[in-house]
Amino acid sequence: MAGGITDTGELYSPYVGLVYMFNLIVGTGALTMPKAFATAGWLVSLILVMFLGFMSYMTTTFVMEAMAAANAQLRWKRMEKHKEGDDDDSSSGVSDSDVLLPDNYERSETRPILSIQRRGTPNVFEITERIEMGQMASMFFNKAFTLLLGPFTFFNVQKTKYLQIMTSLMRWIAFIIMIILALLRIAKGQGEGHPPLAQLSGIRNLFGVCVYSFMCQHSLPSLITPISKKKHVNKLVLLDYILILGFYSLLSFTAIYSFRNETLMDMYTLNFTNCDIVNIAIIRYFLGLFPVFTISTNFPIIAVTLRNNWKTLFHREGGTYPWVVDRIFFPVITLIPPIIVAFCTHDLESLVGITGAYAGNGIQYIIPAFLAYCSRKDTQLVFGSGTLNKHLSPFRHTFWIWFVLLWGMFCFLFVTANIILTETKQ
């Protein structure tokens, strides 16, 4: 549907949702983490990845809170239309399945609904409709602001069930094989890695890689909405982040102690193509081609989703696009940027680092913080200050929102200054 609202689809249990989130976050970005760990030093890398994991979890709860607020506002608007129709027909009122309002409620955007939950009505903050970040931005942000940050909300991957199962299995098999092979190499005394404790020059790429490797906020609406029971969803998401943090640490530490810093490849799987510990050809080929398999399945879906979001951004109510614009222009503007990047650079570590540091900074920190702040203001305005959002973030104090925004600003300035200094030295 236009505007970012789609049907929920088939529901799944909270634990299936936990697995899906794990698979969404732990992608090909993790393959660039070992090199970044070795460059920045194991201690500073461990501290930074733990801190960024915490920050990512915080902003994830911000997005879920905004999703609940958006669902509540949509229910309120539907109820308003329903009640207006009943008034016109001299009807007695809304049905029991709708959200009820007090009898003396006056319809006004500045007059709050009076304690709707104390009347025993259904919880309007239940997340039952998938509202993408672009739609939430249009609901809670000013239109100039939406156009400024809107492009960051395009990258939403909606996978089919079987495609996700296939890529997930391949991902798990590949990562487990790499961890086992690295451990075997260390156990046999062939470990060559002697990573430094800390090396500040490598922090820029490490930061970008870590931000990129924890990024899931753009796909939370598609991921969280189909979960059947959301009572403990915050705890399950926290558990997911703890598991992912352990997984990243295990993958990176086995890599930096198994291979020398100079021999670690930007794409970690390439270290096993000529590794003496691997004597089975099929394993070498599988690990070598693993990034190709994953990107080949993800890229078409991302491209189609981006193309559709371009159409939504420029869509005018009641208008249609000419054939050339619809079938030629939008696909071309979708494909040109990745093609240019592919031809211009082969430095994968720097590419992921810069992408994560800038685009990831907006997706993972800036947008969720503003969504939380604006949705809270709108919720208080519409529903009243005493109304409780059941999916309110554990980091509910305004301090955390400003902390995330300041951190995002610091990250932007730090990465920019580091790039300028690097270019100056060269």
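Leaving out residues up to four places away in sequence, S56 makes contact with F214, Q217, Y241 and Q364. This serine, in what is a predicted model, offers a convenient point of entry. S56 belongs to helix α3, and its relative accessible area is 0%, so S56 counts as buried. One of its contacts can be described at the level of atoms: the side chain of S56 reaches the backbone oxygen of F214, at 3.0 Å. Another of its partners, Y241, is 185 residues away in sequence, yet the C-alpha atoms of S56 and Y241 are 8.7 Å apart in space.

The wider setting is as follows. The protein comprises 13 helices and two strands. Of its 426 residues, 49% are buried. Among contacts with a separation of 6 or more, 86% are between residues 24 or more positions apart.

F214 and Y241, both partners of S56, also belong to an aromatic cluster, whose members are F54, Y57, F214, Y241, Y248, F395, F399, W400 and F403. The structure as a whole contains 23 aromatic pairs. One of them is the pair of F125 and F383, which is tilted, with 5.5 Å from centre to centre and 55° between the planes. This pair joins distant parts of the chain: F125 is in the loop between α3 (42-88) and β2 (130-131), F383 is in helix α12 (residues 348-383), and the two are 258 residues apart. F125 counts as buried because its relative accessibility is 0%. F383 likewise counts as buried, at 2% relative accessibility.

A second pair leads back to the cluster. The ring centres of F214 and Y248 are 5.4 Å apart and the ring planes are at 70°; the pair is therefore edge-to-face, since an angle over 60 degrees places it in that class. F214 sits in the loop between α7 (203-213) and α8 (220-224), whereas Y248 sits in helix α9 (residues 233-258), so the pair ties together parts that are 34 residues apart in sequence. F214 and Y248 are both buried.

Helix α7, which comes before the loop that holds F214, is itself mostly covered, with ten of its eleven residues buried. The buried residues are I203, R204, N205, L206, F207, G208, V209, C210, V211 and S213.

Y248 also leads to the nonpolar interior. The largest nonpolar core has 95 residues, and those that touch the most other members are M136, F140, Y248 and Y268. Helix α3 supplies the largest share of this core, with 19 residues. For Y268, the contacts beyond four places in sequence are L31, P34, M178, A182, L251, A255 and F259.

Several of these residues reappear where two helices meet. In general, a pair of packed helices is described by the angle between their axes and the distance between those axes. For helix α2 (residues 33-40) and α9, the axes come within 8 Å and cross at roughly 65°. The crossing of α2 past α9 is right-handed. On the α2 side the contact is made by M33, P34, F37 and A38, and on the α9 side by Y248, L251, S252, F253, A255 and I256. P34, L251 and A255, which take part in this contact, are also among the residues touched by Y268.

Is α2 enclosed by the rest of the structure or open? Because seven of its eight residues are buried, α2 is largely enclosed by the rest of the structure. The buried residues are M33, P34, K35, A36, F37, A38 and A40.

After α2 comes G41, which has a positive phi, near 100°. The backbone oxygen of G41 is 2.5 Å from a polar atom in the side chain of S45. S45 is in helix α3, the helix that also contains S56. With a relative accessible area of 0%, S45 counts as buried. Beyond its neighbours within four places in sequence, S45 is in contact with A36, F37, A40 and L206. Of these partners, A36, F37 and A40 are buried residues of α2, while L206 is a buried residue of α7. S45 of α3 thus has contacts in both of these helices.

Technical notes:
Residues are numbered from 1 along each chain as its sequence is written. This is a predicted model: local features need pLDDT of at least 70, side-chain atom pairs count only at pLDDT 80 or more; totals for chains, interfaces and linings use all residues. Side-chain values use heavy atoms; hydrogens and water are left out. Rings of Phe, Tyr and Trp (its six-membered ring) pair if their centres lie within 6.5 Å; planes under 30 degrees apart count as stacked, over 60 as edge-to-face and the rest as tilted. Helices (H or I, at least four residues) and strands (E, at least two) are DSSP runs, numbered from the N terminus. Buried means under 20% relative accessible area, exposed over 50%, partly exposed in between (1.4 Å probe, protein chains only). Contact means heavy atoms within 4.5 Å. A polar contact is a pair of N or O atoms within 3.5 Å; within protein, one must be able to donate a hydrogen and the other to accept it, and residues adjacent in sequence count only if both atoms are side-chain atoms. A nonpolar core is a set of buried Ala, Val, Leu, Ile, Met, Phe, Trp, Tyr and Cys residues joined through side-chain atoms within 4.5 Å. Axes are lines fitted to C-alpha atoms, for helices over the stretch in contact, and angles run from 0 to 180 degrees between N-to-C directions. A crossing is left-handed if the near helix is turned anticlockwise from the far one by less than a right angle, and right-handed if clockwise.
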